[in-house]
Amino acid sequence: TDWERAFAPDFAEAVYAELLRCASVVLDSGRAVVLDACFPLAAQRVRARELARRAGHPFLFVECRAEASTVDARLAERGGAAWRALARRLAERWEPVAGLAPPEHAVLRTDGPLDLGPLEARLPAWPEELPE
């Protein structure tokens, strides 16, 4: 399928390397970044944290979690089998979060109403000198 290439180790590594390269450019300009990706491998998360540290920025990995039944229902709404296969492949590759200090890891439950309060409290505010 079209998604098979995304799971080839060399392709996935190239995608994450480019994501971090782009993030580095932004961080070097003095701005913060949000990296919206799965980061299924512990080594990928560590590289992102190291990049933030080198740039003098805090790091926070937000792990989204939902009950399997909720995920399955959402995937069925998107078209079923292909999305389920993709989710299964991601789950097979997922490595538990380890090596991150508690202030660097937050769990966000996404199977009910979102409570962003605890997460927002951990993120720095938008600098007043920058336009929104």
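These are my notebook entries on the nonpolar core and the aromatic pairs of this structure.

**Setting up.** I am working with a predicted model, where local features need pLDDT of at least 70, side-chain atom pairs count only at pLDDT 80 or more, and totals for chains, interfaces and linings use all residues. Residues are numbered from 1 along each chain as its sequence is written, and side-chain values use heavy atoms, leaving out hydrogens and water.

**Core.** I looked up the largest nonpolar core (buried Ala, Val, Leu, Ile, Met, Phe, Trp, Tyr and Cys residues joined through side-chain atoms within 4.5 Å) and found eleven residues, among them Tyr16, Phe39 and Phe61. Helix α1 (9-28) and helix α2 (42-54) each give two or more residues to this core; helices are DSSP runs of H or I, at least four residues, and strands are runs of E, at least two, numbered from the N terminus.

**Phe39.** This residue sits in the loop between α1 and α2. Its phi is positive, about 45°, although Phe39 is not a glycine. Phe39 counts as buried at 5% relative accessibility (buried is under 20% relative accessible area, exposed over 50%, partly exposed in between, with a 1.4 Å probe and protein chains only).

**Aromatic pairs.** I found two, taking ring centres of Phe, Tyr and Trp (its six-membered ring) within 6.5 Å, with planes under 30 degrees apart as stacked, over 60 as edge-to-face and the rest as tilted. Tyr16 and Phe39 are edge-to-face, at 5.0 Å and 70°. Phe61 and Trp94 are stacked, at 6.4 Å and 25°. Phe61 is buried at 8%, whereas Trp94 is partly exposed at 32%.
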